[in-house]
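Work through the exercises below with the sequence and the model open. Each task is followed by a solution in steps.

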Amino acid sequence: MEISEYTARRQTLTTASGDIAYTESGAGPAAVFVHGLATGGALWRHVIEQVDGTTRCIAVDLPLHGGTAPREDPSVTAMAQMIVDMCQGLGLDQIDLVGNDAGGVIAQIVAARHPELLRSLVLTNCDTEGNFPPPSFMPVIEAAARGELAPLLTVAAAHPDAARMSPLATGYEHPDKVPDEVWREYLMPIGGTLERARLFERMLTALVPAELDAVAGRLRHLDVPVLLVWGTAEEALGLEWAYRLRDVIPGAREVIEVDGGKLFFPEERPGTLAVELRRHWAR
């Protein structure tokens, strides 16, 4: 699915958490896909193409990403509540929840606070207890706190070649193969203007370990089926954290290793994830 086709499907839902942009396709049991910071719901477009024959696929745009406006509260806890409110607004009683990167943190918070909402949970490379935010990401957060990130972000948003040299590019195996329109889709909402880039800095500095620590105890009692699909070449959110999650969450019984995959392997290797989703969902 091309970016233009994906964005043409974008809809807006009014909820208690404000207006939420999302795309929807397919029919069947509902699956909600949650991206991380500096990407968007479009991250999942190729995976969705391969599973929407049996699944109602809903890819959300987090605040300040895609078509969703920024929020006063930029915390991951507030974003988790946004996912819950979206499900309520769409009349979804149970969902298969899928998360990547910081979207995996949001998914964990949703799972811990509202286990009754989940039919299953799938996490790809994401932050976890003890690794949120990852130490290697702290220089980016510190630059954001000093106000040094925003000017660089506006350059990357305006020039895809600059984006290919940015920290975001390290999430891809082949950043040179990412089309210009994909970089623009991800970076214009968070860096198209200096004002938006400042809002993104604020979002980064709101990432604090306490939010995930607060639900860690509940995750130790989560017994819905959990699948962990992890790219082995991702360093900040490395494979060891998948196995720690498996040992912590009762419902997590399996780690699928994606050899050589990096943070954004769902975009680069959608077939690999789609096969595992269909198997996990038994459809």
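**Exercise 1: two helices that cross**

H5 and H9 cross in a left-handed manner; in this predicted model, find the angle of that crossing and the residues that make the contact.

Solution. Begin with the conventions. Numbering starts at 1 in each chain and follows the sequence as written, and side-chain values rest on heavy atoms, with hydrogens and water left out. As the model is predicted, local features need pLDDT of at least 70 and side-chain atom pairs count only at pLDDT 80 or more, while totals for chains, interfaces and linings use all residues.

Step 1. Locate the helices: H5 covers residues 138-145 and H9 covers residues 194-205. Helices (H or I, at least four residues) and strands (E, at least two) are DSSP runs, numbered from the N terminus.

Step 2. Take the axes, which are lines fitted to C-alpha atoms, for helices over the stretch in contact, with angles from 0 to 180 degrees between N-to-C directions. The axes of H5 and H9 come within 8 Å and cross at roughly 130°.

Step 3. Classify the angle. Under 35 degrees counts as roughly parallel, over 145 as roughly antiparallel, 65 to 115 as roughly perpendicular and the rest as oblique; H5 and H9 are therefore oblique to each other.

Step 4. Check the hand: left-handed applies if the near helix is turned anticlockwise from the far one by less than a right angle, right-handed if clockwise.

Step 5. List the contact (heavy atoms within 4.5 Å). H5 supplies Val140, Ile141, Ala143, Ala144 and Ala145, and H9 supplies Glu201, Leu204 and Thr205. By class, six residues of the H5 and H9 contact are nonpolar, one is polar and one is charged. Ala, Val, Leu, Ile, Met, Phe, Trp, Tyr, Cys and Pro count as nonpolar, Asp, Glu, Lys and Arg as charged, and the others, Gly among them, as polar.

**Exercise 2: the crossings of H6**

Describe how H6 crosses H9 and how H6 crosses H8.

Solution. Step 1. H6 (residues 149-158) and H9 have axes that come within 8 Å and cross at roughly 125°. That angle makes H6 oblique to H9, and the crossing is right-handed.

Step 2. On H6 the contact uses Leu149, Ala150, Pro151, Leu153 and Thr154; on H9 it uses Leu194, Ala197, Arg198, Phe200, Glu201 and Leu204. Eight residues of the H6 and H9 contact are nonpolar, one is polar and two are charged.

Step 3. With H8 (residues 180-191), the axis of H6 comes within 8 Å and the angle is roughly 145°. The crossing of H6 and H8 is left-handed.

Step 4. Leu153, Thr154, Ala156 and Ala157 of H6 meet Leu187, Met188, Ile190 and Gly191 of H8. This contact of H6 with H8 has six nonpolar, two polar and no charged residues.

**Exercise 3: the surroundings of Arg56**

Place Arg56 in its element and find the polar contact of its side chain.

Solution. Step 1. Arg56 lies in strand E4, residues 56-60.

Step 2. Leaving out residues up to four places away in sequence, Arg56 touches residues including Glu24, Pro29, Leu90 and Leu92.

Step 3. The side chains of Arg56 and Glu24 are joined by a polar contact of 2.6 Å. A polar contact is a pair of N or O atoms within 3.5 Å; within protein, one must be able to donate a hydrogen and the other to accept it, and residues adjacent in sequence count only if both atoms are side-chain atoms.

**Exercise 4: backbone exceptions**

Which peptide bond is cis, and where is Ala38 found?

Solution. Step 1. Most residues other than glycine have a negative phi, and most peptide bonds are trans.

Step 2. The bond from Phe132 to Pro133 is cis, with omega near -15°. Pro133 sits in the loop between strand E6 (118-126) and H5.

Step 3. Ala38 is in the loop between E3 and H2, and its phi is near 75°, a positive value in a residue other than glycine.
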